[in-house]
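Q: I've got a model open on my screen and no idea how to read it. Can we go through it together?

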Amino acid sequence: MKDGKRRTWRLRLYVAGQTPKSITALANLQRLCDNHLAGRYRIEVVDLVSQPHRARRDDIVVVPTLVRQLPPPIRKIIGDLSNVERVLVGLDVLPRDDEE
Amino acid sequence: MPTSVHRSNPVPTKRAGNGRQPLAKAPTGIPGLDEITNGGLPRGRPTLVCGGAGCGKTLLALEFLVRGALEYDEPGVFMSFEETADDLVDNARSLGFDLPRLSARRRLLLDYVRLERSELTEAGAYDLEGLFIRLGHAIDSIGAKRVVLDTIELLFSGLSDRFVVRAELARLFRWLKTKRVTAIVTGEREAEHLTRHGLEEYVSDCVILLDQRVKEQSATRRLRILKYRGSAHGGNEMPFLIDDHGVSVLPITSLGLAHPASTAHVSTGVSGLDEMFGKKGYFRGNSVLVSGTAGTGKSSLAAHFAEAACRRGERCLYFAFEESPSQIVRNMRSIGVHLAPWMRRDLLHIHAQRPTALGLEAHLVAMHRLIDDWRPRVVVVDPVTNMIAVGSEIEVKAMLARLIDLMKLRQITALFTSLTEADGAAERTDLGVSSLMDVWMLLGNLEANGERNRAIQIVKARGMAHSNQVREFVMTDRGVTLVDVSRRADGSVAIGSARGAQQQPTRAGAPQPGRGRKAK
């Protein structure tokens, strides 16, 4: 919590084209960040269809994959991020008290 | 890209199976494997290679890529889910393959996929499109024609949604066919199942099973083609080896009995013995077994045979399992057979090795390689019985059958000596081995009148008129000569000094079968 207040979160979302899963994942991520990390996050989307070499370089096989670049350590979350609770656990973001 | 997979190739597996046209094949370049598969793996299709831990799946797959890149101008992608690229490089080095060099030349691309469930949080629906893009990009970037996925089953342990993994694997195998790559997919064997997660359901064209057993302290590896759609294949288990030359499968049994039968003759090296075979000797390509107890002259006969070949200008390869080359040369010189000059002229090569130095399969591979490299016309194995030290009777026989088939196919005339024990206990072995042989001769000692004299007889000689008589086998300082054994009026044999007393060497037909057979 004390870390999260100061630092900017850098999140990278790997998708493969504009598929329903990609769109859902990005929307879910956006909403989650606005709710929990407002003003303290940056999202980068990597579309493997247009940057195929990134899959090997960044060791991605599953899409969508969300990678927490910062703060360290790196964490990976896979799926369309529809399970908010697990995303929060995966990112190690503490849910706000008013959220169930 | 992968999204169009379903439309472009709806049910590709159906086409190959009905045998309308022969399957195109991609040679593996692995000695033996291409023989038993009649040319290699199904081209443009995935093959499943399964087996337990440490059975050699990864190395076989790796060699398939390396040979493809080096010998068939087919670059390859190795996608590893298990071993890191560094580990693969190290393992390949033990087989004599330089992966970094191949990678630098863009003939090979190693890609290690790390998928640890403990490092991943799953939060919603996903698929493996990233894998398709990754593999597709790897294939396209080096123009790969071959792909290895080792072992893709680890996706099941890395990801919790089995339905997704299954569906994606099915899609992956269809997609591989549209990429027209020849692929090896490895799978870990588990109990009664070929693979832990049923990969065999997806790979329908070719399934190869590897197996490793440890018996009497030595590990033997076996390979079996379980399935090969649209192609004839031997269903037998084939021994295979992994050594510093890579993988070798010993498929020689698959050659079957289709070898040509020559009518040309090859001298035995002993004129009296040639005479017993209708004055001509053995047929070219014959396998000859010479058995006898210790000191009956087996090696001498072998040396004569070898020397006669060299005299004709033919190359002879002599496998010595008991004596060193110099010992053989010295001993044979004492009976007037000079081998050293032929060795200097590169017509004779004596390959001496203790049988226990290698396992049975390793012996066969070593012999196979030497025969391939040196291209002899005549081969001597002295004695073949020492092989028994390294294998069971059945294995030795199977190994010999393979060796004999190989030599027959190449029209190599081979002589095997076999040491039998005086009590006859080892004759069983002889009988087992002798059925593989075209010619079988027995050397023995006949004891009579307080003397022990050597004798020789032909037990069988396929397709040849041969003498049924026992001859005395005399070793002089000018080599082996055969002398007619005289028969007395009462039918008993006059041999040695008794022979001289007998005036007329008998020409009378059949000797009593039990009589001359052998002193026991």
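**Reading the model step by step**

A: Sure! Keep in mind that this is a predicted model. Let's begin with the layout of chain A.

Q: Okay, which helices and strands does chain A have, and in what order do they run?

A: Chain A has four helices and four strands. Starting at the N terminus, you'd read them off as α-β-α-β-α-β-β-α. Of its 100 residues, 33% are buried.

Q: How many residues take part where chain B is in contact with chain A?

A: In general, people often describe an interface by the accessible area lost when the parts come together. Here we can count residues: 24 from chain B are in contact with 28 from chain A. On the chain B side, strand 6 (120–122) and helix 7 (129–142) each supply at least two residues. Helix 7 of chain B gives the most, with eight. Sort the chain B side by type and you get twelve nonpolar, five polar and seven charged residues.

Q: Which strands join up across the two chains?

A: Look at strand 4 (residues 75–78) of chain A and strand 6 of chain B: they run parallel, joined by three bridges. To find the spot, look for A:Lys76, which stands opposite B:Leu120.

Q: What should I look for in the backbone itself?

A: The general idea is that most residues other than glycine have a negative phi, and most peptide bonds are trans. Now for the cases that go the other way. A cis peptide bond joins A:Pro72 and A:Pro73, with omega about 0°. A:Pro73 is in the loop between strand 3 (65–70) and strand 4 of chain A. Chain B has a cis bond between B:Asp382 and B:Pro383, where omega is about -10°.

Q: Where do I find a positive phi in a residue other than glycine?

A: Try A:Asp92, with phi near 65°, in the segment after helix 4 (84–91) of chain A. Another is B:Asn38, at about 55°, in the loop between helix 3 (33–36) and strand 2 (41–42) of chain B.

Q: Is B:Asn286 buried or exposed, and why?

A: You count neighbours. B:Asn286 is buried because it has 27 C-beta neighbours inside 10 Å, and 20 or more is enough to count as buried. By contrast, A:Asp92 has 13 such neighbours, so it counts as partly exposed.

Q: What does B:Asn286 touch further along the sequence?

A: Leaving out residues up to four places away, B:Asn286 touches B:Thr413, B:Asp438 and B:Val439. B:Val439 is 153 residues from B:Asn286 along the chain, yet their C-alpha atoms are separated by 7.3 Å.

Terms used: Residues numbered from 1 in each chain as written. Chains lettered and ligands numbered in written order. Predicted model: local features only at pLDDT ≥ 70, side-chain atom pairs only at ≥ 80, totals over all residues. Buried ≥ 20, exposed ≤ 12 C-beta atoms within 10 Å, placed from the backbone. Contact = placed C-beta atoms within 7 Å. Nonpolar A, V, L, I, M, F, W, Y, C, P; charged D, E, K, R; others polar. Pairing = 2+ DSSP bridges.
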